[in-house]
Each structure stands twice: as C-alpha cells, then as structure tokens.
Amino acid sequence: MININVNGTPHQIEADPNMPLLWVIRDIIGLTGTKFGCGVAQCGACVVHLNDQAVRSCVTKVSRAEGQKIVTIEGLSKNNDHPAQLAWNQEQVPQCGYCHSGQIMSAAVLLRENNNPSDADIDAAMAGNICRCGTYQRIRKAIRTAAELQRKESASK
Amino acid sequence: MSVSNISRRNFLRAAGLTGTALLVGLYFPSGAEEAKVAAADSAVASDIEMNAWIHIDTNGKVTIFSHRAEMGQGAYQSVPQIVAEELEVNLNDVNIRFAQGDRQKYGNQVTGGSSTIRGSYKNLLKLGASAREMLIAAAATKWNVPVTECYAEAGHVIHRPTGNKFHYGELVEAASKLEAPKDVVLKKRSDYKQIGKPLHRQDTPLKTNGKAIFGLDFKLPGMLYAVVERNPRLRGTLKSFDASAALKVPGVKKVFKIQTGVFQTFRDGIAVVADSTWAAIQGRKALTIEWDDSGFEHVNTPDIYKKQHELINNEEGLSARKQGDPDAILNTATQKLDLVYETPYQSHSAMEPLNCVAFYQPDKLEIWGPIQAPEWVQDYICAQFKLPKEKVIVNMTFLGGGFGRKAFMDYPHEACLISKETGTPVQVVWTREDDMTQGPYRAGISYRCQGAISNGQLSALKFRMAGQNTAHWQGGPKDRANRSTTEGFLAPYYKSIKDISFADVPFETPIPNIWWRSVYASTNGFAYESFLNEMAHLAGKDPLDFRRGYLNEEREQKLIDKMEQVSGWKLKNKGDGFGVAITECFGTTVGQIVKVSKKNGEKVKIDKVWAVVDCGWYVNPDIVHAQVEGAIVMALGAATTHEITFKDGLVEQRNFYNYLMPRINDMPLVEVHIMENDANAGGVGEPGLPPFAPALTEAIFDLTGKRIRKLPFDMATV
C-alpha cells in the first residue's frame, strides 16, 4: 500500500512502486486531466506539482510521491480561476488542448516565482512543454496576462 | 407504439436527450450534394434517414450537434456558431454535442481537407434558418397574427406590434408538427451577430481544467488496457512468440496475436492486455518475439532520394497537367533554370498518441476514440467483422491533434479485435514510440523544376515530382499521375503563363503513406514557390512584384497589396532578409512574408512572419488566426527541426528526443490578416502551412545569399 495525497484527497494505492505517478493518477485514481505524451520526460504533457514543484509524472515513480502532496490540473483551482486558467481562456490559447494541462501546471510554478516574467523568462520556463498545434505565441501572451491578473489580485488584497 | 415514436426515441436516446422536443435536421436526397431540411416527425413519416442536428426542448434548451471531429481546428465551435446565427440563439446558451458517425445521416463526416466549413456552411445556414422559420410560424399561429409581424431574437419569437414573446421552448410542440419550409431567406453578412465575430470557443474552459475528454481519457466500467508489439516493418509475418514472462507481470491478463488492417494489408502484432496501461507496457517488455520479414525490401533513406533523383532526371513520368509546349521553349531559351528540391518524410506526432476504446458485445460493437473519420471507421469495422451498420456505433471524443493520421482505421480496428478476444471493454494505447515508428507518414518527395525567361518574361515552367502516392495505398490506379501533383499552385498562373507542365514520375517503397496537414501542398509548395523565387531573381525582379505580374486576378492582386503593406516589404532595412511565398490549399490562398536577421556571432533568427489569408466567407476570425499561427509552427518544424528517416526498413526516430519539435523559444512573432470578401468559404485548418518554408528559405537567401533546396535544414548552420 502506498499513501499519496492528490488534490487534498488521501489515497491508498495498491500498485507496483515503480509505476509512474502518471499512470497511478490516470488509471488507478481516475483523474484524466494529466496527459500521457511521450513517457520519457520530453514533452511536458504530464506535468503535476509534487510538493509545489513541477515534475514530469511520466518518469516520477509513485514511490517517490509516498506521503507527499500532489496537485494535478483538476486541483489547481476550484472554479477554473487560477490566474493562468483565466488568462488561457481570455487569450483563447488551446487548440486541440491536449498539452495545456501540462502547460498550465508549468506556467503556474513560473507565476508563483516571478510575478512579472519577461518573454525570455517565459521561454526558459516553458521550453519543456511541447505544443504540436503551435499555440506558443498565445502561451506567451497568456502568461503575461496571468501575471498582470495576479499582480492586480495581490494589490487588491 | 408507432414506428414514428420508436424512431424518434432512438434519435433522442442516441443523443442522450429525452422528452418532447423540436428536432430539425438535414437529409441528403440520394446522390445530392445539397441537403434538404426536415423536422423529425415528417422525416419519420416519409421514411427519411435524417440527422438530429438541432434539438430544442420544452424549456427552450437548445442542443446543436457538431458532425465533425474537434482536433484543435475549432469545428466544435464553428459548426454551432453558424447554426446559432440563423437560429437566433446565443451560442453561450447552446449545448454542443458531437454527432455519431453515420454517413447517411450527416453526409461526409471525414474531417480532412479543411472541409468542415467550406463543405457544409450553406446547408448549416439553411438548417438554422428553417428551424427559426418553423418556430416563428408556430408563434404566429398561436397568436393568430401574420408571420410577417413576427421575428426571432435570442431564443424567443417576438410579435413586433404588441411586443408579446414566446421562448422557443413554448413553441416546440406546435413547431414540431410543421413541415420545414421549402425556401428560406438567409441573413445578410452585415446583419450577422455571431458569424464573423471572434467569439470565445466553447471548448476552451474544458481544456484549461482537465475536464475535456480525449480518447485516452475515455473509460468504461471493467475496461482493460492493451498495448501491442507490432512488426516493426509493415511487411512480413510473426514467426513465433513466447508470452510466459509477460503473463507473470502483475496485472497482465491476456496475451495474444492480432492482425491489424493497414490499408489493403495486415500488420502482425502481439496484444498485451492488463488492468492498467503501465502493467500492459511492462508485460510487453517481457515478450520474446521472432518476426519474419525476409523477402521484403528494407529501405534506407539515402537510397530513396538517390532513386528519386534518377527518376526525375531521366524520365518524363505521367502527365498530371499540361498546357502549351514548355519543352520547346526550354530547348531554345538562353535564360533558364533547372533545379532539384527535396522534402523529407514526416510523422504527424499529434500530442495525444493513438488510442481507442472498443466494447464488442453480442448485440453491438461500440467504439469511442479520437477519430477524424467516424463514417470510414464504421464502414471498415462493418466489413472486417461482417456486421450490419446498425450494430457498429462510432463515437468521437475530443482529439488531441489529428493532422490526417487520425483519419485512419488501424487503431480502432485493433481496439475491436482485442475487445472481441477479451469480451470486455478495452482501451488500446499506442506509446509515443509506436506512434512515431509505425507510420503511415507524409511521403518525402523530390522535385525537378525547369523554367525559362524570354524577353524578361516567365515563358515556360516544367515540374516533375517523384514521391510516393498516398492514393496507391488506398487502392488507386497506378497508371495515372498523382492527382495532387499541382496542389498548392495558384490557378491564375495558368492564364498568365501559356506553357506549363506537371508530371509525376511513379515511385514506390514499402513505407505506408497518408495525408499530413495540407497534404501535397506541404511539399509541392516548397518546390514550386522556391522555384518561382529563383526565377524572379533570374529575371532580375523583386519576388513579390514578379508574382504580381502573373497573378492577374482581383483577389490575388489585393492579397499581394496587403502583404506588401502590412510587412513593410518596400521599406526593408539593409540587415534584414525578406522572403515571400503564396500558395493555394483547399480553396484558400495564403501569402506569407518572413523576415530574418543575423547579429554578429549569432545564428540566423526569424524575427517575424506576416500571413495574409484569403479564405472567402469565414465564421470565426480568432480561430482563423489561431489555425494560421499553428500551421506556421508545424511548417517551421518540418522545415528546420525534424524528419523521419529509414535504415534497413526501420524508422530511426523514436520519440521527441530525436524527432525534435519546435518549442516556445523557437516561436517567431506571427501576425495574421484576413482578406474581407464575399467569395465562397475556403478551408482554414491547413492552408497556412505550405507557404512558410519557401518564404523562409527565400528570406535566408535575401540575407545571406545562401540557397536552401533541401528540407529540413538546421537554422544554426545557415
């Protein structure tokens, strides 16, 4: 039995400790927002937060997450209203949409650590996430929009 | 229960809808391209196979079906956006559903050739308007007033003199008893409230919180997961396999041989079925398999191109199109060029690897998956399993990209074969390596281009290509030229240049091929447009002005003016490289201008791309912009970062570590402009791709003097 906490909910998992977190989240827990893209940490479709850090769940063994806090796209916000989610909607970023769970989870970490990222900061933080539909220009714009939303939010607090 | 009620209930059940409702749809009289509109009651009475495209219940809740796959290109949004406009409902109040695969009901559902809007918008406008007129007629009867005193707005019918109104739900019972009007007056473009507006896509929220269900996300109770070890070469057979170690992997349930259809042939594979995807993958690693592919050609990439060059240099090939006598002119001309261009094989590599769920039951076979061509899947599965159409149900999920690959039957076929064997619902999952190494691929093609300048004018063009013909894989005739030899080339050139010929020199390999975003225009465009740029320089002309001289039609002249204006073509600085290309693809013309620069000690950088799109009538400008932005990125990858190569018949690229995708740091600034006119709608999903590579290589030539005639090339080395 492996104990993990996903989006605030504790789970007792019966699985091979070598099973990647990706497949535990998708096939055992049944949360399908986290995507399988490459299986070898090349594309970023599977990014989740493990103790607030972006990790590629396709190469993260579930044993490494034992007793720790995992957040998936489903747990990023209650109402699809994390600044990145709001900005992704405002800028109409997704096309097929498949990679964007991972894109948003990567962007969320960048936004937490940098409240005014430059295009170079964005490129550096997001270069691990592939989008085959080619939405990169809108991802850059959405991250700038999200940073602005975030700054306004913290100013009003 | 009457027949009518049973049919009606079947419509509703299939759609997950119940109760009294107005159902309006289209049907296609046999052989007709243009659909007719019918309401469900009269369709059933006349024994017409009708789709249920619009459903309005007694609460006024409107459901609109999208008959086409949503793979990023926006059909989920744009099909309902058209219907909602004429129906006079706000798209935000509409419930959107995917239709099931059924050619008789929905007409052509194959989401390819950028055809969703251009192929169906006139029918969809008529459909929405007919339903609106039926609701208005029902209201007028209830009020006992002339129809001309009533109008529809925002889901209501309003009586103009009194201001009385009914919401649509109050009218569905009466309206459902009416015949669809024979003729309806469509709205003028200037009166549109939704078409032509950048309305936000209804699927965006689902794609930012993980709720959108792609094929890979679809689950059924008791569903097992399967992966398949397939013959790494298409041809050959399975000699032997040993499953004993695989069966010892915890979670693995069953291991067996399958034969998956690939065009007219079958590929042998070993299916490993388990209770999780991971367990199935582990079981597969434990298999011992011996393949026998002796007697089949094992191709190598250098040999492919060597052979193609031999063919285009020595043979005339099959004529695809010819006017005048370009050979006679080329023989005597003194100013001429004779050049070869080369384009690579490419993989679609959608972010969602291929996958499909099937449940084979005694009374029906149901399929759920990321499927571009549901009706083809239905036809194919019916034929393979000898089942009647009503027993094979094909459901489309969201597609995590398609680009042509998901208009194929192999992965649904696998899911059905495996489910039949296990007796359970099964999801077959292709790993990234499966997706990249199994094909089918876009064919790599070599082109020989010859042209002459006489008295400063382009006087002859002769094009020959050697590359695989996708039609051959689908059983097409081999004694005819590839129908797509001229794809991408602009029609006005045929008027202004009297002597032109296109030929296809037949070339085959055992590598399976299929269409890839923008199909042959994606490779033709590079050769033909690069060559026109080189001919412009031979004639001593500016490449944009050169085109202006031969594209003597109003739409093309306006497009060129716009390209020149938005890009500042005439104002370029000394250190800038500017390049141009214009191609036609699926009824839409796109011109692009690429600007590059190079700082001391750095590599050449793409500063900006301007794209001007003439797609005629369009639905959603923001989706048009997005599609062109994305097509440029896909073209950038195919031109500069990735290619599929073969060694001993095996694909050398396995995953994104050796099939490199453009990443955010490779993204140039892209600016898209749409030409406004009332011409018929053209395609949008693909036409933005072909002009990019030739415009880029021309820009690099303009900056560095270096001419690139072979794709892909490395930006770091130019």
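Which feature does UniProt place at residues 209-295 of chain B? The UniProt record, an unreviewed entry, gives this stretch as "domain: Aldehyde oxidase/xanthine dehydrogenase a/b hammerhead". In the model, which is predicted, residues 209-295 of chain B are 16% helix and 45% strand. The C-alpha atoms at the two ends of this stretch lie 52 Å apart.

Elsewhere in chain B, a small set of strands is a good place to begin a tour. Three strands of chain B form an open sheet in the order β6-β7-β8, and their pairing is antiparallel. The edges are taken by β6 (150-153) and β8 (165-167) of chain B, each of which pairs on one side only. On average, neighbouring strands of this sheet are turned by 20 degrees against each other, direction ignored. Between β6(B) and β7 (residues 156-159) of chain B, which run antiparallel, there are four bridges. In β7(B), B:His156 stands opposite B:Glu153.

Two helices of chain B accompany this sheet. Helix α5 (residues 116-143) of chain B lies across β6, β7 and β8 of chain B, and its direction makes an angle of about 130 degrees with β6(B). Helix α6 (residues 168-175) of chain B lies across β7 and β8 of chain B, running at about 80 degrees to β8(B).

Attention now turns to chain A, where a pair of packed helices can be followed residue by residue. Helix α2 (residues 83-90) of chain A packs with helix α5 (residues 136-156) of chain A at an angle of about 130 degrees, and their axes are 8 Å apart. Angles outside the roughly parallel, antiparallel and perpendicular ranges count as oblique, and α2(A) and α5(A) are therefore oblique to each other. Their crossing is right-handed. On the α2(A) side, the contact is made by A:Pro83, A:Ala84, A:Leu86, A:Ala87, A:Trp88 and A:Gln90. From α5(A) come A:Ala142, A:Thr145, A:Ala146, A:Leu149, A:Gln150 and A:Glu153. The residues of this contact divide into eight nonpolar, three polar and one charged.

Both of these helices also have a part in the meeting of the two chains. The contact takes 46 residues from chain A and 48 residues from chain B. On the side of chain A that touches chain B, the elements giving two or more residues are α1 (21-29), α2, α3 (100-113), α4 (119-126) and α5 of chain A. The largest share, four residues, comes from α5(A). By residue class, the side of chain A that touches chain B divides into 22 nonpolar, 18 polar and six charged residues.

Terms used:
Residues numbered from 1 in each chain as written. Chains lettered and ligands numbered in written order. Predicted model: local features only at pLDDT ≥ 70, side-chain atom pairs only at ≥ 80, totals over all residues. Axes fitted to C-alpha atoms, helices over the stretch in contact; angles between N-to-C directions. Parallel < 35°, antiparallel > 145°, perpendicular 65-115°, else oblique. Left-handed = near helix turned anticlockwise from the far one by under 90°. Contact = placed C-beta atoms within 7 Å. Nonpolar A, V, L, I, M, F, W, Y, C, P; charged D, E, K, R; others polar. UniProt positions renumbered as here; feature names shortened; annotations may be inferred. Pairing = 2+ DSSP bridges.
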